Amino acid sequence: MSVRIKRRSFIKIAGMAAAGAGVATGIGGKILEAAVRNTTGSDKIKSVATFCELCFWKCGMIAKVQNGRIIKLEGNPKHPLSNGMLCPRGNGATGLTYDPDRIKTPLMRVNKRGGDEFREASWDEALDYITENMLNIKEKHGPDCLALFNHGYGASFIKHLLKAYGTHNVAAPSYAQCRGPREVGFELTFGEGIGSPERTDIANTRMLVLIGSHLGENMHNTQVQEFAEAIGNGAKIVVVDPRYSTAAGKADWYLPIKPGTDLALLLAWIHVIINEELYDKEYINNYAYGFEQLKAHVQDYSPEQAWIITGIKPELIRATAREMGHQKPAVLVHPGRHVTWYGDDTQRTRAIAILSALLGSWGRKGGYFYGSSVDVPKVHSPKYPKPTRTRADLQLKDYPLASSTLASGLCEATFAAPQAACDLKGWFIYGTNLIWSLPKPEQTIAALQKLEFVAVSEVLPAEIAGWADVILPDATFLERYDDLHMPTWRDPFISLRQPVIEPMYDSRPPWWVAKQLAKRLSLDEYFPWDTIEDYFHKRLDPIGVDWEKLKKDGVAVYPDEPLYFKDGVIPEFGTDTGKIELYSTSLASYGHDPLPKWTDHGNPPEGYYRLLFGRQPHHTFGRTTNNRVLNRVKDENEIWVNRHVAAEWGLMHGKEVILKNQDGVVSTPVKVKVTERIRNDCVFIAHGFGHTARGLSNKKGASDSFLVTRYKTDPIMGGTGMNVNFVTFVV
Ligand SMILES: Nc1nc2c(c(=O)[nH]1)N[C@H]1C(S)=C(S)[C@@H](COP(=O)(O)OP(=O)(O)OC[C@H]3O[C@@H](n4cnc5c(=O)[nH]c(N)nc54)[C@H](O)[C@@H]3O)O[C@H]1N2
Ligand SMILES: Nc1nc2c(c(=O)[nH]1)N[C@H]1C(S)=C(S)[C@@H](COP(=O)(O)OP(=O)(O)OC[C@H]3O[C@@H](n4cnc5c(=O)[nH]c(N)nc54)[C@H](O)[C@@H]3O)O[C@H]1N2
Ligand code: SF4
Ligand SMILES: [Mo]
């Protein structure tokens, strides 16, 4: 028995043909012509609409271009994810395109792998080399011995190419290292995941509960805008975080929880809400399965017991639970995004899902909305060949409930001892700095050393590029077309990324690279279009989308009401029972706890502090920390240390310190931020600084990635809990 997951009951748009006049196919020129049209000309300022990729939210953006140079970036007022605004990172995106450290030509490795020594090459040479290696791997080992690691929208055509070539070993670190456990936790409970952008109805909520979701530092544009709106509307805010985050500053209740104990708090909230009959009885009666088992289960988790575990006083637990009961169903217990913390993350997010169900907030105004998306037909191409072997990430350990490939699993499979069924011989890496994004960097490096072939597509000479045999200089998102974006959202829309300037240097867009490789690999039939504009026409013309208008506006929105259950939509839950599973029959059938249990994650060893990490408002991971525009605001990170801890160690605010983790790994020097805004059992660092790659100019600060030498695997879906490392200070 398995869960019927991934089934989406989103409403498809009807009557698309009426939405715009049809455009004949074959209008478009080549990308370069388009880019030239966009960038040549006089002093006149030209506006070009596209969507942002400084993070993965994909806000609509308008670029102002003068004399072929981008002079300003603004939010697209027509785009539902930006509403005319960009976050600080989006505003500074030109700092990526105009970064002098960019990779400018294809590069081929000289000397040994990892030596970070390269020579310039032509595109023909680089593509021929990749082709030769791909054909070689296919012939010698089978095509599924090549893995694709990718992150970001630019990867669409490369993914298509690699699947056409015959591999299913395709993964992004945004699953097992980020939101995977959340997706599985919600899939198990409601039969579907949260997705991205998250279906959180923050704008309409009366109560927002943030559990380690540091909105305001985590700058996902629409969420931050809606957060401000909710505050303006007087919504109650609860923030649960060992660190007094920006969001905590806006909270009615701030709960400085002991790290790793959130599940105990969640279960205590559920305990109060059930025992005080504060839950939505009608909703639970109609839609839920397993209420009695849940009720019995949470009797062991009283606020008094949770107090001992979490450090949060029982009165505070009761008061916040009662307020949730009072404000239901317009209560959003935010599901989080980067949830791979302690290895029991699916169970923790299951508890969030269960709490949301009790409050009746799934599918209700101010909770989780049911969005819709535009169903744009694909360009017809042959079926992908069926790989003959099990996916490499599942060869070592099977996770039947994981709904995506595990990047860490592919890495482990490569690294595994020869007697294990490990088949990966080559990695194609697009837009992901695996040395930083996977836990245990030494394991990633060991895997890289074992491979026969490593190709990296990058915009910057990041750490991972140093390990390539061949580096492809990608055009930045402001210089290229990518595939259309049609996410599930309140108002469904089609968003277009297009070049606002011509690709600089000898960089090329990924669609071009994919098509070139397809030709060399005799996979032409998978790319049955001549120009990228031809591709768009093939997708859009049949549904009558006006291409010229889409190019001009950057987005076509098809207004729709947000869908809540009470609007008459009959809820469909893709679980085994067809109900909201408070008690998970799937988890039971796979031998996991069907109801979430609190597990103890221990305390730091004497003299050590739990290493917490997260986002900072002006940067996205390590991908922007070389950006000169953004670095004018912030060009290094600090380690947050509690005032008493700092006093104990004699650490001075603003002075540098070196961190050492439990395995003796030391950091680069990082400035100390002495603060009362963090508990005394943990320290916090913003992820993304402390680069060591030779070609990057900004090496300030320290990277948490090198200190994450341990992780705890989620037994349900294989996510890597990374908040399990401890550091001390080298003084
Ligand atoms: N230790 C630690 N590990 C983490 C996290 C953490 O906070 N700490 N966070 C986790 C999370 S939430 C996530 S989502 C992942 C993120 O993981 P990644 O997406 O791998 O994050 P980055 O380190 O930013 O690496 C992105 C790389 O892509 C390159 N790049 C940027 N734009 C383009 C482009 O247009 N084309 C190409 N070809 N390359 C481009 C950048 O130069 C950069 O080297 O990491 C996870 N891992
Ligand atoms: N500016 C900016 N915004 C971003 C990104 C970015 O790089 N920069 N990345 C985007 C991506 S891919 C993601 S996944 C999201 C991630 O954003 P989120 O999912 O919101 O957050 P994290 O970065 O995991 O969480 C860090 C917060 O959790 C707290 N925390 C740590 N341990 C615990 C604990 O045990 N319990 C509790 N309750 N709290 C704890 C930390 O103190 C910190 O405030 O951000 C997105 N938005
Ligand atoms: S949230 Fe910011 S960085 Fe992310 S896509 Fe939107 S504007 Fe760009
Ligand atoms: Mo993420």
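Colleague: Which residues make the nonpolar surface patch of about 210 Å²?
Modeller: This is a predicted model. One member of the patch, isoleucine 658, lies in strand E23, residues 656-661. Isoleucine 658 counts as partly exposed because its relative accessibility is 30%. The patch of about 210 Å² is made by Ile658, Val666 and Val730.

Colleague: How much of the accessible area of ligand 1 does the protein cover?
Modeller: An oxygen atom of ligand 1 is 3.2 Å from a polar backbone atom of glycine 431, and an oxygen atom of ligand 1 is 3.1 Å from a polar backbone atom of asparagine 433. Arginine 615 places a polar side-chain atom 3.0 Å from an oxygen atom of ligand 1. On its own, ligand 1 has 920 Å² of accessible area, and the share covered by the protein is 97%.

Colleague: Which element gives the most residues to the shell around ligand 1?
Modeller: The ligand is surrounded by 28 residues, the closest being His151, Thr432, Glu458, Asp474 and Asp704. They divide into 11 nonpolar, 11 polar and 6 charged. Helix H6 (173-190), helix H16 (434-437) and strand E16 (453-458) each supply at least two of them. The element that gives the most, with 3 residues, is H6.

Colleague: How many residues apart in sequence are the parts tied together by arginine 389 and aspartate 144?
Modeller: Arginine 389 forms a salt bridge with aspartate 144, with the closest N and O atoms 2.9 Å apart. Arginine 389 lies in the loop between E14 and H14, and aspartate 144 in the loop between helix H4 (123-140) and strand E7 (146-150), so the parts tied together are apart in sequence by 245 residues.

Colleague: Is glutamate 226, the salt-bridge partner of arginine 490, buried or exposed?
Modeller: The side chains of arginine 490 and glutamate 226 meet at 2.8 Å, N to O. Arginine 490 is in the loop between strand E17 (470-473) and strand E18 (493-495), while glutamate 226 is in helix H7, residues 221-232, and the two are 264 residues apart. Arginine 490 counts as buried at 15% relative accessibility. Because its relative accessibility is 5%, glutamate 226 also counts as buried.

Colleague: Which residues are linked in a network of salt bridges with Arg480 and Asp482?
Modeller: The side chains of arginine 480 and aspartate 482 meet in a salt bridge of 2.8 Å, N to O. Both arginine 480 and aspartate 482 are buried. The residues linked with them in the network are Glu53, Asp474 and Arg497.

Definitions and conventions
Residues numbered from 1 in each chain as written. Chains lettered and ligands numbered in written order. Predicted model: local features only at pLDDT ≥ 70, side-chain atom pairs only at ≥ 80, totals over all residues. Heavy atoms only, no water. Patch = residues over 30% accessible without salt bridge, like charges linked within 9 Å, V, L, I, M, F, W, Y side chains within 5 Å. Areas by Shrake-Rupley, 256 points an atom, 1.4 Å probe, with all protein chains shown as cover. Salt bridge = Lys/Arg side-chain N within 4 Å of Asp/Glu carboxyl O. Helix = DSSP H or I, 4+ residues; strand = E, 2+ residues; numbered from the N terminus. Buried < 20%, exposed > 50% of the residue type's maximum accessible area, 1.4 Å probe, protein only. Near = heavy atom within 4 Å. Polar contact = N/O pair within 3.5 Å; in protein donor to acceptor, adjacent residues only side chain to side chain. Nonpolar A, V, L, I, M, F, W, Y, C, P; charged D, E, K, R; others polar.
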